[in-house]
Amino acid sequence: MASARSETRGAGRFVPCPRHARIAFAMTATTATTATTTDADHTALHAPVIDWFDHHARDLPWRRPEAGAWGVMVSEFMLQQTPVSRVLPVYEEWLKRWPRPADLATEAPGEAVRAWGRLGYPRRALRLHSAAAAIAERHGGEVPTDHHQLLALPGVGEYTAAAVASFAYGQRHAVLDTNVRRVFARAVTGTQYPPNATTAAERKLARTLLPEETATAARWAAATMELGALLCTARTPECGRCPIAELCAWRSAGSPVHEGPPRRTQAYAGTDRQVRGKLLAVLREAVGPVPRPLLDRVWHDPEQRARALGGLVTDGLAERLPDGRYRLPGAD
Ligand code: SF4
């Protein structure tokens, strides 16, 4: 699964490492202008990006050694489509309450949905709960180190498996999220934005750009993500502070404006997603099952309200009891 992650997320454990030997720039500004996904000596990008990361990486809790692989996995689920600032308090509470996968696995899925709060896209909470249960059952409670075993966990797609393997276990994987895709699109391909959905060409480029040495590859994955989150942002890239400004194909080409299909934006106001959020908030904050009239108060349109409530039940985010009341799945 290609990750549609928040523009401001950050990942990669904050592990101090020896300063990387600076690699001589092999790609001049001139060659960068004509860089494509197949030419250019991309290794020139490694040292400046990693060196910048060593000095500017945010000290985020999931980057600290004590976070462990479970902390990294929790953060990766939460950071999909949610900014770091909103994730931080929920992450801290989550890890305090469920420091190991087995702790979460023993709880009802509804408790995970409740603790998810307002992070949005609450099916992620159910998937994380399912992953925790599978880890407890199949892997003795330890997040597996093997990439294929990670991929086999419920709710863990291509991105998350690579991110956990790389950030938690220091393995060599191309970790391609929204931020990284944007950095590669600009620095290497010379376009302002990547395509709306991840392409095979982007995956190939990410693999091509991956440093050979395993520890450096893991550092590169975290560093490119941080560069996209902090400097090479979607709307206002800070090229003046960028460690690869001299090598950036898009900048060298005069920062041409995006000419591809319009970038996808996700509406919220008035959508079923908004109604689902309001209904779920009532269920989350209630002590015990909720009568239907209390849910009916959250939205004026009965048809849309019914559709949203039906969707929550279908998705396993809410349960309808025989007496017509509703609750979070399995919650008391
Ligand atoms: S120079 Fe600007 S556009 Fe290019 S990678 Fe750096 S921040 Fe992004």
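This report walks through a predicted model of a protein, from the overall picture down to single residues.

## The big picture

Residues are numbered from 1 along each chain, following the sequence as written. Because the model is predicted, local features need pLDDT of at least 70 and side-chain atom pairs count only at pLDDT 80 or more, while totals for chains, interfaces and linings use all residues.

The protein has 16 helices and 2 strands. Here a helix is a DSSP run of H or I with at least four residues, a strand is a run of E with at least two, and numbering starts at the N terminus. Of the 332 residues in the protein, 44% are buried. A residue is called buried if 20 or more other C-beta atoms lie within 10 Å of its own, exposed if 12 or fewer do, and partly exposed in between, with C-beta atoms placed from the backbone.

Contacts are worth a look too. Two residues are in contact if their C-beta atoms, placed from the backbone, lie within 7 Å. Take the contacts between residues at least 6 apart in sequence: 71% of them join residues at least 24 apart.

## Around the ligand

Which residues come nearest to the ligand? Out of the 14 residues around it, they are Cys232, Pro237, Cys239, Cys242 and Cys248. (Near means that the C-beta atom, placed from the backbone, lies within 6 Å of the molecule or strand.) Two elements, α10 and α13 (249–252), give two or more residues to this shell, and α10 gives the most, with 3 residues.

By class, the shell holds 11 nonpolar, no polar and 3 charged residues. Ala, Val, Leu, Ile, Met, Phe, Trp, Tyr, Cys and Pro count as nonpolar, Asp, Glu, Lys and Arg as charged, and the others, Gly among them, as polar.

Let's pick out Cys248, which sits in the loop between α12 and α13. Cys248 counts as buried because 25 other C-beta atoms lie within 10 Å. Its C-alpha atom is 9.2 Å from that of Val183, though the two residues are 65 apart along the chain.

## Two helix crossings

Two packed helices are described by the angle between their axes and the distance between the axes. The axes are lines fitted to C-alpha atoms, for helices over the stretch in contact, and the angles run from 0 to 180 degrees between N-to-C directions.

Start with α10 (residues 178–189) and α12 (residues 214–230), which pack at about 85° with axes 8 Å apart. That angle makes α10 roughly perpendicular to α12 (65 to 115 degrees is roughly perpendicular, under 35 roughly parallel, over 145 roughly antiparallel, and the rest oblique). On the α10 side, Asn179, Val180, Arg182 and Val183 meet Thr224, Met225, Leu227, Gly228 and Ala229 of α12. This contact has 5 nonpolar, 3 polar and 1 charged residues.

The other pair is α14 (residues 272–285) with α16 (residues 302–314), at an angle of about 70° and with axes 9 Å apart. So α14 is roughly perpendicular to α16. Their crossing is right-handed, meaning the near helix is turned clockwise from the far one by less than a right angle (anticlockwise would be left-handed). Asp272, Val275, Arg276, Leu279 and Leu280 of α14 meet residues of α16 including Arg305, Ala308 and Leu312. By class, that contact has 6 nonpolar, 2 polar and 4 charged residues.

## Helices under cover

How many of the residues in α9 (residues 158–167) are buried? It's 9 of 10, so this helix is mostly covered. Among the buried ones are Tyr159, Val164 and Phe167, and the cover includes α3 (68–79), α8 (147–151) and α12.

Helix α6 (residues 109–116) is largely enclosed by the rest of the structure, because 6 of its 8 residues are buried. These are Pro109, Gly110, Glu111, Ala112, Val113 and Trp116. What covers them includes α4 (84–97), α5 (101–105), α7 (123–138), α14 and β2 (326–327).

## Backbone oddities

Most residues other than glycine have a negative phi. Gln81 isn't a glycine, yet its phi is positive, about 70°. Gln81 lies in the loop between α3 and α4 and is partly exposed, with 17 other C-beta atoms within 10 Å.

Tyr121 also has a positive phi, near 45°. Tyr121 lies in the loop between α6 and α7 and is partly exposed, with 16 other C-beta atoms within 10 Å. Gly117, which follows α6, has a positive phi near 60°.
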